Amino acid sequence: MVLDVDVERERASLSGDGRLRPMWDIGNHSAGGERELSIARLWVEYAQEIGLGETADVRPAPMSPEQWRHLKCGDVITMHEARPVAGTATVIEVLPPRS
């Protein structure tokens, strides 16, 4: 899956080397109806980092890939590192799972 991410967070930049593991609101809910956040590492395509207000293509590596299978091109999801939204992403490519 490839996402087009727009960074909205307060920090000056977002590292693109896979160390960052933000939480994502991808539309999942608990049995009680509460919003569930999913974790995925991030790799930025063609850059070392993304600065505040910049946009870049990123590849997420979800900790629980099965929770992400409902996403399709055009879906918009939000990235969180804490309470405030850290960024938004639009799904621009979905690849089948690797065997």
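This briefing walks through the barrel, the core, the aromatic pair and the salt bridges of the structure above. Keep in mind that this is a predicted model. In short, 6 strands close into a barrel, the largest nonpolar core has 21 residues, and W24 and W68 turn up both among the core residues with the most contacts and in the 1 aromatic pair of the structure. A search of the whole structure also gives 3 salt bridges.

**The barrel**

- Going round the barrel, the strand order is β1-β6-β4-β3-β7-β8, with antiparallel pairing.
- From one strand to the next, the twist averages 45 degrees.
- β1 pairs with β8 in the antiparallel sense over 6 bridges, and 4 bridges join β1 to β6, again running antiparallel.
- D4 is a handy place to see both pairings: its bridge partner in β8 is T90, and its bridge partner in β6 is D57.
- β6 also pairs with β4, antiparallel and over 5 bridges.
- If you want a landmark for β6, look at P62, which stands opposite A40.

**The nonpolar core**

- Within the 21-residue core, the residues with the most contacts are L3, V5, L14, W24, W68 and I77.
- Five strands each supply at least two residues of this core: β1 (2-7), β4 (38-44), β6 (55-62), β7 (76-80) and β8 (85-93).
- As a general point, nonpolar side chains in soluble globular proteins tend to be buried together.
- W24 is worth clicking on: leaving out residues up to four places away in sequence, it touches L3, V5, E36, L37, S38, A40, L42, W68, I77, T78, M79 and A89.
- That contact list includes L3, V5, W68 and I77, which are also among the core residues with the most contacts.

**The aromatic pair**

- There is 1 aromatic pair in the structure.
- The pair is W24 with W68: the ring centres are 6.3 Å apart and the planes sit at 70 degrees, so this counts as edge-to-face, the cut-off being over 60.
- W24 is in strand β3 (residues 23-25) while W68 is in the loop between β6 and β7, so the pair ties together parts that are 44 residues apart in sequence.
- Both tryptophans, W24 and W68, are buried.

**The salt bridges**

- D25 and R35 meet through their side chains, at 3.5 Å from N to O.
- This pair links distant parts of the chain, with D25 in strand β3 and R35 in the loop between β3 and β4, 10 residues apart.
- D25 has a relative accessible area of 18%, so it is buried, whereas R35 comes in at 43% and counts as partly exposed.
- E45 and R59 form another of the salt bridges, with their closest N and O atoms 2.8 Å apart.
- Here E45 lies in the loop between β4 and β5 (49-51) and R59 in strand β6, so the pair ties together parts that are 14 residues apart in sequence.
- R59 is partly exposed, at 30% relative accessibility.
- K72 and D75 make a salt bridge too, the closest N and O atoms being 3.2 Å apart.
- The two partners sit in opposite accessibility classes: K72 is exposed at 52% relative accessibility, but D75 is buried at 17%.

Note on methods. Residues numbered from 1 in each chain as written. Predicted model: local features only at pLDDT ≥ 70, side-chain atom pairs only at ≥ 80, totals over all residues. Heavy atoms only, no water. Core = buried A, V, L, I, M, F, W, Y, C linked by side-chain atoms within 4.5 Å. Buried < 20%, exposed > 50% of the residue type's maximum accessible area, 1.4 Å probe, protein only. Contact = heavy atoms within 4.5 Å. Phe/Tyr/Trp six-rings, centres within 6.5 Å; stacked < 30°, edge-to-face > 60°. Pairing = 2+ DSSP bridges. Axes fitted to C-alpha atoms, helices over the stretch in contact; angles between N-to-C directions. Salt bridge = Lys/Arg side-chain N within 4 Å of Asp/Glu carboxyl O.
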